[in-house]
Amino acid sequence: MNHKCCLGLVDTLMNSLLTKLIDTCTRVRTLCIRGLGNMASLGAEPVQRHSTTILSAMMAGLDDRDDLSDDITHESMTSLAKIITLLG
């Protein structure tokens with residue numbers, strides 16, 4: 001992503017996904033984690049800029065006590081793999 005004008009859009013998207021991580025619906029939280037993982041498709045620069053926040057959210061997803069079917073845990077692991085490849 002080379003366009004500086006899109007960085008504001010990325011920030012808005014990040015904030016929207018992060019605010020919904022506390023939603024009562026596990027499906028919503030799962031999709032937020034997936035969206036954060038899909039940030040990897042934007043390239044290394046936005047991921048590195050938000051790496052602490054993204055990684056913290058995914059680590060919290062690994063320990064979601066309300067996720068009885070482990071959907072959030074699975075999505076967090078899958079998304080971590082995508083993000084770590086860009087940070088490594």
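The legends below accompany close-up views of a predicted model.

**View 1. The largest nonpolar core and the helices that supply its residues.**
The largest nonpolar core has 16 residues, and those touching the most other members are Met 14, Leu 21, Leu 36, Met 39, Ile 54, Met 58 and Ile 83. At least two residues of this core come from each of helix H1 (5-19), helix H2 (26-37), helix H4 (51-62) and helix H5 (71-87).

**View 2. Met 39, in the loop between H2 and helix H3 (44-49).**
Although Met 39 is placed in a loop, the residue counts as buried because its relative accessibility is 2%. Apart from neighbours within four places in sequence, Met 39 is in contact with Val 10, Leu 13, Met 14, Val 47 and Ile 54. Met 39 and Ile 83 are 44 residues apart along the chain, and their C-alpha atoms are separated by 7.8 Å. Both Met 39 and Ile 83 are listed among the residues of the largest nonpolar core that touch the most other members.

**View 3. The packing of H4 and H5.**
The axes of H4 and H5 lie 8 Å apart, and the two helices pack at an angle of about 155 degrees, which is over 145 degrees, so that H4 and H5 are roughly antiparallel to each other. Their crossing is left-handed. On the H4 side the contact is made by Ser 51, Ile 54, Leu 55, Met 58, Met 59, Gly 61 and Leu 62, and on the H5 side by Ile 72, Thr 73, Ser 76, Met 77, Ser 79, Leu 80, Ile 83 and Leu 87.

**View 4. The crossing of H2 and H4.**
H2 and H4 cross at roughly 145 degrees, and their axes come within 10 Å. The crossing in which H2 passes H4 is left-handed. H2 contributes Ile 33, Leu 36 and Gly 37 to the contact, while H4 contributes Ile 54, Ala 57 and Met 58. Among these residues, Leu 36, Ile 54 and Met 58 also appear in the list of core residues that touch the most other members.

**View 5. The packing of H2 and H5.**
Here the helices pack at an angle of about 5 degrees, with the axes of H2 and H5 8 Å apart, and H2 is therefore roughly parallel to H5. The contact is made by Thr 26, Arg 29, Thr 30, Ile 33, Arg 34, Leu 36 and Gly 37 of H2, together with Asp 71, Ile 72, Glu 75, Ser 76, Ser 79, Lys 82 and Ile 83 of H5.

**View 6. Arg 29 of helix H2 and its surroundings.**
Arg 29 is found in helix H2 and counts as buried, because its relative accessible area is 6%. With neighbours within four places in sequence left aside, the residues in contact with Arg 29 are Lys 20, Leu 21, Ile 22, Asp 23, Thr 24, Asp 64, Asp 66 and Ile 72. Of these, Ile 72 also belongs to the H5 side of the contact with H2.

**View 7. Cys 25 and Cys 32, in a structure with zero disulfides.**
A search of the whole structure finds zero disulfides, and for Cys 25 the nearest cysteine sulfur, that of Cys 32, is 9.8 Å away. Cys 32 does not form a bond with Cys 25 because this separation of 9.8 Å between their sulfurs is too far. Cys 25 counts as partly exposed, because its relative accessibility is 34%, whereas Cys 32 is buried, with a relative accessible area of 6%.

Technical notes
Residues are numbered from 1 along each chain as its sequence is written. This is a predicted model: local features need pLDDT of at least 70, side-chain atom pairs count only at pLDDT 80 or more; totals for chains, interfaces and linings use all residues. Side-chain values use heavy atoms; hydrogens and water are left out. A disulfide is a pair of cysteine sulfur atoms within 2.5 Å. Buried means under 20% relative accessible area, exposed over 50%, partly exposed in between (1.4 Å probe, protein chains only). A nonpolar core is a set of buried Ala, Val, Leu, Ile, Met, Phe, Trp, Tyr and Cys residues joined through side-chain atoms within 4.5 Å. Helices (H or I, at least four residues) and strands (E, at least two) are DSSP runs, numbered from the N terminus. Contact means heavy atoms within 4.5 Å. Axes are lines fitted to C-alpha atoms, for helices over the stretch in contact, and angles run from 0 to 180 degrees between N-to-C directions. Angles under 35 degrees count as roughly parallel, over 145 as roughly antiparallel, 65 to 115 as roughly perpendicular and the rest as oblique. A crossing is left-handed if the near helix is turned anticlockwise from the far one by less than a right angle, and right-handed if clockwise.
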